Structures are given as C-alpha cells and as structure tokens.
Amino acid sequence: MSKTVDDTGDETDQPIGWDGQTLQEMLATSEELLEETDRYYGTETLELKDEDPFTYEQMFARVRGALVNARETALHVSASPIVREIGELSFQLYTPEGDCIAPSTGIIVHVHTGSLAIKYMIEEDYEHERGINPGDIFCNNDNELGNVHTTDVHTIVPIFHDGELVAWADGVTHEVDIGGMTRGHDQVASTSRYEDGLYATCEKIGDDDELYQDWKDRAQRAVRTPMYWDLDEKCRLSGCHMLRTAVEDMIDDVGVEQFKQFSREAIEEGRITLEERVKERLFPGTYRDASFMPVPFEEAGWKPTSQQNMLNHLPVEMEVFADGSLSVDMEGASPPGPHPYNSAAGSMQGGLWVSLTQCLLHDGKVNDGSYFAVDTNFPEGSVVNPQDPSRSYHTSWGSIMPSYNAVWKNLSRGFFARGFREEVVTGYSETGDTLQGGGQFDATEEYFPVGPFDLSCQGLGASAVRDGLDHGYAMWNPEADMGDIEEWEIVEWGLPYLGRELKPNTAGHGKYRGGAGWGALRVVAGASDVSLSKHVRPGVSFSTSGLHGGYPQATNYSVRAHETDLHDRFDDREQYPTGDRLPEDLDENIDGDIVRTERGLYFPTTFDEGDLVYYHMGGGPGYGDPLERSVERVVADVEEDIYTPDVVERVYGVVGEFDEASRTFDLDEEGTEQSKAEIRERRETESQPASEFWETERERIQDGDVSDPVTWMYSGVLDQSEEWGAQFREFWDLPAEFDME
Amino acid sequence: MATNNDQIEKLIEGELSWQELRNDVLPDPKDQQRFETTRAVLQSSVDWDNPILVPLNDHLYVVGTDEGRKVKADCGAVLCDAGENWKMHTDVRVREDSDELEELYTTWMSPDEDWTFQLREFFCPNCYEQLDVEAVPAGYPILQKFDPDIDTFYEDWQDELAPDKR
C-alpha cells in the first residue's frame, strides 16, 4: 500500500473513504445496495428531508449556488469566447464514489461523464497506486473513461475533511483547439485516436493546489492555442477550488455527518423524482424511433479507409414501466467506423441527461439519481459504445444528437398521450460545426483560431400547440446564445463577417412548423495560411423525422468561393454578397470559383485573401399535417421570411401575391381553397395501400436495389446485431439467411 | 397549475393565448386531472361513441369496441386492432426522387437522391389526413412507434379500470 498524505501533511496508511473504508469498498457497497434495494445506497427514507426539510433544501440550494457561482465567476478567468461568451463550461459535485450530487448550469451533459472518470480512478485503485491527497489535481478528456468528446477537458479535485474524502469537484471546459491533426475543436478528418490530439487519461496533473510544470509544458505545447488552454485550465481549477471552499464552509456549519447524509439523500431524491415525473407525464408502454447519420466521405474523406459513403443507424426503443422507471435501448446501432462520430457509452449517457433535464426534469433535483432510474443499453461494440480506445471520438455529437432526436420524439408521444401537448417537442436541428480552422493574421503575424460558437442558435422543433423557436436553441447547452458578431471577430481576426441573415425554407413543415435556421457569410481579410473546414449536418439525407404528420427540417449544403473579385467590387463600389439567403443567391454578386455541394461539410481547405465562406444552421422538425396549419400563420411565415411563397403554395396550399418591398402577402382565398383541395386529392391518387408498398419494397430489398451507403448500413447492422436482424427479417418476411452485401 | 375544460379545448385547437399557455399550462406542477380532461374534450369532439382509451396523434385513438380494442380515426375509419401497427393499414406515398422531394424543399436543401432516402407520407385511407411522415432509408421497416400499455396505465397509475372495462 502506498502512502497517502493527510490534511497535516503527514503520511498515513489510513484509507481515505468514510468510516475507515477504502474508496473501492465504498463503491462496491454502493453498487451492492442499489442492486439489492433499487434505492441509492439502500436509502429507504429521506430522513433529513422529512425531519428537517428546511435545512435539507437550504443545503441543496447552497450546493447549487456554489456550483453556479463557481461557473459564473470562473468563466471570467478564461479568454476563449467559447467559454466566456457562450458558457461552454460546467461544474459538478460528486460523492466519494463518483455519483453526482448536483451540477451547475451550462454544459450539463457532463453530469455523468465526470462520474465515470472518478469511478475509473477508484476501480484502478488510484487511492493506493497513484495517491489521492488533499490539494491533488486530476485531468481527464479520455472519452471512453468519462468524457463527451476530446475537446472537452475535465479538471477534478478531491475535497477532504479530517483525512476523509468527502466529495469531488469537477470542472469542464470546451477547448478552442485540442491539438489534433487539423485546426479546430471538433475535427471532421480524424479517423482514429492517433489523430485526435492531446489526451489526458485520468492523469494526476498537480498537487498542493499547483499544476505540475511538466504537465503545463506538455499540454500547452500540444495545442495550437496555448494561451487559451492555459486560461481555460486556470478557469476550471479556480472553479473547483471555489467549490471546495464552499463545501468546507458547509461542513463547518452543519457538520460532516449531516453533509454525508445530505449527499446520499439528494441523489436518492433525484431517483425518486424521475420515477414520479415519468408516472405524472408519460404513458406506460413501448416507444420506437430511429435516426440516421449520413457520413458522405467518399469524395470528401482524406484517409483511404474513410473514403466511402456511410450511413449510421441509430435506433432508439424506450420502455416506460409500471413502477415509473425508464429504459433506453439502442440495440441495432451501427458498428463503429473510420470517422469521428464514434461515441462512448458515457457520452451517450451525457446526452440522456441533457435531454431529460429539458424534457422531463427541468425543475427537479437533477443529479445521478436520475441515472439510477433509467436502464440504458448502448450495445458494446457499436458506434454508441465502441469499447475501443483506438477509435476517434472527436465529434461524438454526430451520433449523440441524432440519437436524442429519436428520444425526444419517443418522450413526446408519451406527453401527447397524457394530454400534455404543450410539452411535446419534435426534436431539434443538429448543430454540427459552422467553421473551424485558423490562419495567420498579417498585421500581428500571430495565429488566430476559428471556431465560432454561433452554431448554438438552431431551430427548435415544433410542439403540439405552437411553432418551434426560431434560430435560438442548442440541444447540448440550453443556456447558450449566438454571441455578437464582434465577439467572434475579436478572436477570429482574419475572418470578418459580411452578413448574418435568416435562412428561409429551413423549418420543418407542419400544422406547427419547426423553428427556422439562419446563415452567415465571411471573408478572408488580411490573413494568410488560412485553412478552414465546415461541418454542418445532415447533408445528403435526413437524420430525423417530424412528428404526427409533420416533416423533417431541410437538409444542409455547403458553398464557398475562391479567387473572387470581391476587392474589385469594393473598389468599384459594386454590390457584394452578404449571404446565400436562397441557394445560389451568392452567385449573383460575386465572380470566382464557387464550390457548392449537397454535403453539409468539407474537410480542411486552403483559403486565400478575398475568399468567401458561407454556412447555415438548420431548422427544427415540424408537427402535424401541414394542411391543418392556419392560413394566417402561413401568411405570417411568408411575410417574416420563414418560407418563400412558392414553397407555401406547394406544401400548405396557400396562394397569393407577395410584395417584397412592403413584405406583405395578399392572400387569394379562393385560390387557396382550391389549392388545398388539390393537394388532398393528390394524396388519394398518388398513394397506395401500405400493404402494396410493403410488397414492392420487399422485392427491392431482395434485389439489393438501394444505394451503397444504405447497403453499408444494413450490412453492418445485420452483422452487428442478431436481435435487430431478426426483427428486420421478420418485418420483411425474409429467410433467416438473408443478408445484404 | 389547474386548468379548466375551456383552456384544454383551446389548447387542443391551438387557440390558447400565449399568456394563458405561459401562465397556466406550461408551469409545474401540472394539473393532475389533465388526462381525464383531455379525454373528455376529445370524446365530445368525435361523432362516435366508442370510449377513447388513449389518443395516439391528432386523428387516431385507441378505443374500446364490442370487437375489442381498435385503432380508430376521428373520421370514423377503423384501421386495425389496438396491438397492430396502424401504419400498415394506411395509404402511403413515397418521395425519393429529387423532383418529388423538391416539391417540399428547395434545391440544395433536400436529400441527394443517389442516397435512396425516402419520405413516406401515411394517410388515413378514408379522409386522407396525413397521420405520419417517416424519413428513412429505402428498405427500412415501418416502425410501430407507440404501443401503449393501457391496462397498466388505468389500473396501476389511475387506480381504476379502463373505460371499456368499467
């Protein structure tokens, strides 16, 4: 047994767990009691809460206050606008076993990822092999051990009282650059761990509250933006230390035994709250949905292994049980692949938390108690749980976000069944990454990173009683906002904006439409050695559906312009482009080499002075039959540039004359009535009984008459999951030996 | 917050004001009688007498009948038994080619037809309301998206028999 150091600095062999236990013993006891009793730590009654509710609630409020205070204060230490402006950070407090007592606001997707990292350290016996002492500092961004994606970095600090570990503080920030194979924070080109960049694997990076010099050197030399890295690390560490002080003060006030009791009761209350909320809001039964992630790398990919078009299958079956517990089962998910969208099980659990806190538990005690009430199956060896550290996990959101679009729809079917139509959300636009990269700013000869987080304003899906929020939502950080253009230009010196504008025809159609997206155009100015990549998804195919007759949102495309005549236009005071409001608008006001594809992404590409980059963010899915949308709302949609007149005539049957100058739509009531009737008649004449469709589609499958990426999907899943394969073959009445190659 | 029948009627019709939605309907705690109020409002809105057991979407319900539990549309069409996948009893239109998809979306903002991705529009075979739209790759099974456990809901959660058993 290695020595550990107590509060006085003396070496001791005493275990650091409670009541003379080691951390491994505490973790084993916790897991056994949960298994035996279905209650967190076997907590039968919430004694403190029941007997002294005021003190209990005061303690929870104090912990939450300390967490939020740590976040809101520490973010000012950071210089990165991703952290400081958008708030891509969070802090969490854990029990000695690594169970989250409470999170701060912010990227609370990390409620459970920090938990996994702490449990890893316990299971690997850091207590004895590495030492866990007051003042120690640990770091993790290794995804399979407890992280969402490589660029999120955790700083973890133990909190001691009289030689006992009473809690852990964890702070996470999203880095602007993590030193991978290409510039940027969420790489698209990375196909394996060896291209991902800097990894810290539950590493001790300091003691006595000081970071090790060799760690600081290693990390800062490994990333392209050492100043941002340094200040982000100080931000995380200072927040953890603020949290540690707050816990120590609380223990001084209430005593350590009451703090311990509170820790466990708060988590058990979280578990109870989720089950109660399920019974209140959902309907028992089985829910099914599926999402898809197109990976159009045949032309775009760099490495030979990734140069293929792939389609990831992300099915979600959920069950609501009689006791109020939930299950989330992704049996049938695709195998992992040579792309950056592989997602560790902990990342998927993180996605579950950030979803449940918005859909179901927005006012409860959100912590790991909810985790214990949900049974998850992210199949081992699949893209949502590869169990393979050699994979790239750089952009795991490419699996998380589509998957939870399916979860939200499943939950929404339950809300609808119970009459809570206002809680229905059809999903959201999946963010992707607008632009990433960097270059050298000529005036200062310094490197500037590009990673604007204005991507945090997407279209939200519709509910069953109103339209989705326009350009104002991000699934992963519900508090995020777009940030002023100037905030991004402060950092991204060589890439000023030419415009931001609403993007028409992005919103999913329906009785209630999805929220709309937006677009931006930027120009390379006063910079050299500029390399940029774009990664907005999905392009080429849908990833999710609408709900109850509503349609999915539009897909995304890419456009950029090289060798332009922009400077000539400036000199001649001619019109220059400010966006690509309707696809190909850009072309009208610029001459040059315009590259436009249906893929929403391109890999890092060289850009020169005067080159233009455009990106747009998507809309949300729609709800209900578009023919039931009120004509007044459709008229407003046109006048507010949500949809163009030609689209509303074809989809909603609303006819009229639109005057662009005054932005007024003069409704043709008779024409509208006739148009709606024609759309309904066409439904009858152009449809066929589902049983006939089943026959023809079955023949098509047997003939293998589907695209290569769709074949890739079925082939991989049939090989991966016997269970899903059996369901597939049963539905299409195919022989047991049927396969797709 | 407590809501009344009038508010729930307006909620279902999409006519509730933002003020009422924000102040009375969205906040927690929710009204505990919401399911029964909704069920009563929906029951009064249809022209048939089979008891609604659970609404599936804007136009479909699981109802009790003398022949057992069925999936029934508000227009009166009975699609199938309650446990079946009702979509297999609808009429379907499939959009897969670019010209079909671009009727709904503009050029560059709809799927690449070479990827064989489909929009499947499921219509009521009687009134042609659009009941669901699937966005899936060709060959994907038609999912039964919600299979409610009706008796558990009524007997375990509501502490009463389902209306068709009372």
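Over how many bridges do S11(A) and strand S12 (residues 326-329) of chain A pair, and in which sense? I looked this up first and found four bridges in the antiparallel sense, where two strands pair if DSSP finds at least two bridges between them, and where strands (E, at least two residues) and helices (H or I, at least four residues) are DSSP runs numbered from the N terminus.

I note that this is a predicted model, in which local features need pLDDT of at least 70 and side-chain atom pairs count only at pLDDT 80 or more, while totals for chains, interfaces and linings use all residues. Residues are numbered from 1 along each chain as its sequence is written, and chains are lettered from A and ligands numbered from 1 in the order in which they are written.

**Entry: around S11(A)**

I followed S11(A) and S12(A) further and saw that they form a hairpin with five residues between them, and that Gly324(A) in the turn has a positive phi of about 90°. Glu319(A) stands opposite Ser327(A) in S12(A), and I also found Thr286(A) opposite Glu319(A) in S11(A), which belongs to the antiparallel pairing of S10(A) with S11(A) over twelve bridges. Eleven of the twelve residues of strand S11 (residues 309-320) of chain A are buried, so this strand is largely enclosed by the rest of the structure; a residue is buried if 20 or more other C-beta atoms, placed from the backbone, lie within 10 Å of its own.

**Entry: a sheet with strands from both chains**

I then traced an open sheet of five strands, in the order S13(A)-S12(A)-S11(A)-S10(A)-S8(B), with mixed pairing. Its edge strands, each pairing on one side only, are strand S13 (374-377) of chain A and S8 of chain B, and the twist averages 15° from one strand to the next. S10(A) pairs with strand S8 (residues 146-148) of chain B in the antiparallel sense over three bridges, and there I found Gly285(A) opposite Pro148(B).

**Entry: the contact between the chains**

I looked up the contact as a whole: 70 residues of chain A are in contact with 65 residues of chain B, two residues being in contact if their C-beta atoms, placed from the backbone, lie within 7 Å. Strand S10 (residues 285-296) of chain A gives the most to the side of chain A that touches chain B, with eight residues.

A second sheet also draws on both chains, for an open sheet of four strands has the order S25(A)-S5(B)-S6(B)-S7(B), with antiparallel pairing. Strand S25 (688-689) of chain A and strand S7 (130-137) of chain B are its edge strands. Within this sheet, strand S6 (residues 117-123) of chain B pairs with S7(B) in the antiparallel sense over seven bridges, and Phe122(B) stands opposite Asp132(B).

**Entry: two helices of chain A**

How do H12(A) and H14(A) pack? Helix H12 (residues 345-359) and helix H14 (residues 397-418) of chain A pack at an angle of about 40°, with their axes 10 Å apart, the axes being lines fitted to C-alpha atoms, for helices over the stretch in contact, and angles running from 0 to 180 degrees between N-to-C directions. The two helices H12(A) and H14(A) are therefore oblique to each other, since angles under 35 degrees count as roughly parallel, over 145 as roughly antiparallel, 65 to 115 as roughly perpendicular and the rest as oblique. Among the residues that meet are Ser347(A) and Met348(A) in H12(A), and Ile400(A) and Trp408(A) in H14(A).

Lastly, I noted that H14(A) lies across S10, S11 and S12 of chain A together with S8 of chain B, running at about 155° to S10(A).
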